[in-house]
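Me: Here's a structure I'd like to go through with you. Please pick one chain and walk me through a part of it in close detail.

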Amino acid sequence: MRNATGVPQRVLIVGGNSEIGASLARAWLRKGTREFVITERVAGRSADLVRELDREGAETTMVLLDATDPASIEPAIEEAWSEADVDVTVVAIGLLGSQRDIEAEPSQAWDVLTVNATASIQIGLEVANRLERQQHGTLVLLSSVAGQRGRRDNYVYGASKAALDTFAEGLQQRFAGSEIGVLVVRPGYVHSKMSAGVDPAPLAVTVEQSRDQILRALEHNREVVWVPSVLGTIFYLFKLLPRRVWATIVAKTR
Amino acid sequence: MTKDLEYVSGWGGNPKARTRLVIGSTVADLRQVLLAEHEGSRGVIARGLGRSYGDAAQRSGGTTLEIVRSGEPEWVDRSAGVVRSPAGVSIGELIRFADAEGFFVPVTPGTRYVTIGGAIAADIHGKDHHSVGSFGKHVVSFRLLMANGDIVDVDPTSDLELFNATIGGMGLTGIILDADLRLSPVSGNRLDVDLFRTNDLQATMDALTGAETSHRYSVAWVDMAGGGSAMGRGVVTNGNHTDVRDSGQTLREPILGVPPIWRIGLVNKLTVMAFNEVWFRKAPARPKQVAQSYDSFFYPLDVVRDWNRVYGRGGFLQYQFVLPFQSETLLPRLMESLATGPSPVALAVLKRFGPESDGYLSFPLAGWTLAADIPIPRAPSHLEARLRSIDEILVSAGGRVYLAKDSRLGADLLPEMYPKLIHFTEVRDRVDPGRLFQSDLAARLRL
């Protein structure tokens with residue numbers, strides 16, 4: 001149960017390898033959360049994070065979840081709920097992929113779409129059904145500005161995030177007027193392991209900045225948070241642009 | 001989405017639960033609700049008048065069973081003052097019933113809008129805790145509707161463990177149907193009250209200590225809004241029953257109400273400072289003896305219906321703790337850290353408790369208790385950090401917070417605050433192994 005001051009009692013991080021996910025877990029630990037469930041694809045990969053949380057007095061459960069194996073998803077989510085209600089779930093699995101490699105080897109598109117869209121949506125639905133049953137709790141989905149408009153440099157990744165983003169919008173309607181929240185996070189460029197090797201875009205942010213904005217958005221029960229927030233205004237305008245104008249901007253900024 | 005869900009919250013208005021709200025009165029009603037719960041349900045919790053501040057009487061995604069009184073109180077032994085009261089009867093209704101025969105409830109909280117069932121489940125205390133103990137001390141026996149649908153008579157000889165688990169057990173052992181209570185004989189319906197100001201915390205504490213043997217009732221309102229030496233100054237009220245009888249009504253209905261229009265709330269640093277200053281100034285500087293009615297002595301806030309609405313949409317919480325006497329030197333520090341920060345303590349009450357009772361989850365123990373009303377800000381992380389650090393100090397000092405007021409304590413600190421929790425859990429494993437009785441508070445605290 002989330003308490004009166006908004007501290008989640010039990011948090012599920014899907015994707016223990018995600019830097020934003022880990023950073024959120026540490027922040028909740030400092031706020032008083034004492035139970036964590038963290039999923040990982042390969043056992044032991046998030047051992048450092050687990051040790052860190054447990055050293056500070058938390059009780060952390062590790063669960064195996066492989067986004068490319070649909071049969072691993074339901075049991076993992078069920079296990080997260082086996083002890084108690086989960087108050088906040090962060091779906092932080094993601095695969096950026098290299099656009100050039102994907103074009104050379106189109107089968108790689110399958111991985112990107114599977115992790116970012118198919119598996120994330122399946123996880124989202126498993127979580128949603130449990131939130132509906134318990135009638136409280138929050139689901140955080142990490143989308144991206146890349147899902148807002150197609151871009152030459154990352155249109156496969158963008159397509160996967162567009163799918164997740166559209167899914168989230170419908171899910172928010174499903175839970176309208178209830179105590180259940182769905183937060184869509186739309187970051188621009190975040191300095192992290194995932195983006196290493198990609199040239200930073202303007203308005204790049206750190207993992208910590210992303211974390212703080214997500215926490216603030218949760219505290220205010222927002223449905224969408226742009227990171228940084230000015231991207232909200234910028235993309236509002238970008239989405240109004242005719243395709244040809246948008247294509248020119250993309251070409252000029254490459 | 002399920003359509004038949006309603007929003008329910010405690011008196012503090014936060015957190016809210018979406019729950020199936022069922023109103024039940026007769027035993028047959030209540031039993032039917034329990035039997036309708038299927039395997040793997042989210043559970044049921046009984047709710048009385050909803051005056052617990054936090055999430056004790058609500059169940060998100062489950063069933064909240066509002067108990068409406070099924071009958072009138074009746075005498076079991078009029079000369080000894082033993083009455084049998086349905087659980088849904090309020091303290092106020094019981095006072096009216098008892099008054100006609102020269103009795104008064106042994107223990108009353110600061111509102112008469114609590115039910116007898118709730119009073120037992122929270123093992124409530126009043127301004128007379130130092131003289132008579134908590135509510136449970138005056139419970140002779142009760143009937144409990146259990147998870148399996150059976151009704152059992154529970155008293156200390158039939159099942160001491162179940163008795164001690166239910167008194168203060170937050171409704172988690174079953175549904176209390178009715179109870180036999182021992183009332184206090186009184187000859188009048190007025191109180192002799194000594195009323196005076198104290199200029200600092202030490203003076204307030206001394207005054208309360210001094211009243212311990214001379215007065216049945218003793219409590220102090222304390223100022224936690226003014227900083228420096230004003231912190232802890234207060235207005236002490238000590239009272240005793242008298243044989244004066246006022247021919248008018250024993251209790252009056254509320255004369256004012258607060259409309260549900262306050263989004264933002266009227267409670268902020270400025271209004272709190274002003275209110276506390278006025279409250280202090282209007283109290284007599286020198287001890288003054290006054291005769292007071294039950295209403296004005298026990299229930300000053302009941303005059304205003306729905307006064308909790310002044311806190312606005314965000315609601316408020318009441319942080320009530322007890323600090324054992326052997327650690328009383330920590331009290332100024334705890335009060336200081338409660339009062340620091342952006343959300344002000346709007347109203348604070350200090351009192352001395354008598355010895356601990358036997359309820360496994362009963363709150364009172366010999367020490368100082370402080371109850372502080374605090375508005376919940378839009379971004380409550382600072383408030384939570386402040387309260388969490390006080391929780392931790394309390395744990396190390398052998399103190400605890402009151403579950404009937406709580407809406408935020410972390411499950412990790414509960415076993416240390418309530419060392420008899422292990423006995424409580426044993427009883428629950430016996431009478432409700434499937435955990436049919438569940439509240440949001442129980443889920444939050446992993447009870």
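Reply: Strand 10 of chain B (residues 175-182) is mostly covered, with 6 of its 8 residues buried (20 or more other C-beta atoms within 10 Å of the residue's own, all placed from the backbone; exposed is 12 or fewer). This is a predicted model, with local features needing pLDDT of at least 70, side-chain atom pairs 80 or more, and totals using all residues. Residues count from 1 along each chain as written, and chains are lettered from A in written order.

Strand 10 of chain B pairs (at least two DSSP bridges) with strand 6 (residues 82-86) of chain B in the antiparallel sense, over 5 bridges. In that pairing, Val83(B) sits opposite Leu181(B) of strand 10. Strand 8 (residues 139-145) of chain B also pairs with strand 10 of chain B, again antiparallel, over 6 bridges. There, Arg143(B) faces Asp178(B) of strand 10.

Now for a helix of that chain. The buried residues of helix 10 of chain B are Leu383(B), Arg386(B), Leu387(B), Ile390(B), Asp391(B), Leu394(B) and Ala397(B). They end up on the same side of helix 10 of chain B because they cover an arc (of axis-to-C-beta directions) of only 140° around the axis. On the face turned away from that buried side, helix 10 of chain B carries the exposed residues Ser389(B) and Ser396(B). Among the elements that the buried residues of helix 10 pack against are strand 18 (316-324), helix 9 (331-339) and strand 20 (367-375) of chain B. Just past helix 10 of chain B, Gly398(B) adopts a positive phi of about 80°.

Technical notes
Helices (H or I, at least four residues) and strands (E, at least two) are DSSP runs, numbered from the N terminus. Two residues are in contact if their C-beta atoms, placed from the backbone, lie within 7 Å.
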